[in-house]
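Trainee: Please take a close look with me at one part of this model, the strand pairing. I'd like one connected account, with the cut-offs spelled out.

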Amino acid sequence: MGSAFVSDHGSIGSTVPGRYGAAGTAHLSLREATITAAWNVQGKPEQPAFLEQVRSSFGIALPVAPNTTAATGTITALWLGPESWLLVAGGPLAPGHPLTE
């Protein structure tokens with residue numbers, strides 16, 4: 001008995017950017033993402049001082065709802081767990097960004 005995983009059905013050519021999925025269903029779009037920097041941030045979100053320190057240091061408010069993200073022009077914050085986030089920069093940080101000072 002097989003599963004619904006792609007590996008059970010062969011390659012879908014996912015190394016090529018584009019749209020994937022069966023006709024008439026929701027589509028999945030794959031493309032390469034450039035990450036110029038990444039930070040693992042851990043702390044207690046119930047402490048306002050922690051959230052403010054992250055906001056002032058990285059220029060982004062952490063998402064506190066499970067499985068959500070927040071984004072600015074360059075940085076995206078991904079909720080990983082109740083006290084853990086991954087911050088990624090997808091390009092050069094703008095002049096004046098807290099991390100460039």
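Mentor: Happy to! Let's start with the whole chain: among contacts with a separation of 6 or more, 36% join residues 24 or more positions apart (contact means heavy atoms within 4.5 Å). This is a predicted model, where local features need pLDDT of at least 70 and side-chain atom pairs pLDDT 80 or more, while totals for chains, interfaces and linings use all residues. Residues are numbered from 1 along each chain as its sequence is written, and side-chain values use heavy atoms, leaving out hydrogens and water.

The chain has one helix and six strands, in the order β-β-β-α-β-β-β from the N terminus (DSSP runs numbered from that end: helices are H or I, at least four residues; strands are E, at least two).

Now the part you asked about. Four of the strands make an open sheet, ordered β3-β6-β5-β4 with antiparallel pairing (to pair, two strands need at least two DSSP bridges). At its edges lie β3 (37-42) and β4 (69-71), each pairing on one side only. On average, neighbouring strands are turned by 20° against each other, direction ignored (axes are lines fitted to C-alpha atoms, for helices over the stretch in contact; angles run from 0 to 180 degrees between N-to-C directions). Edge strand β4 joins β5 (residues 75-81) through three antiparallel bridges, and T69 sits opposite L78 of β5.

Helix α1 (residues 48-58) packs on this sheet, touching β3, β5 and β6 (84-89). The direction of α1 makes about 170° with that of β3.
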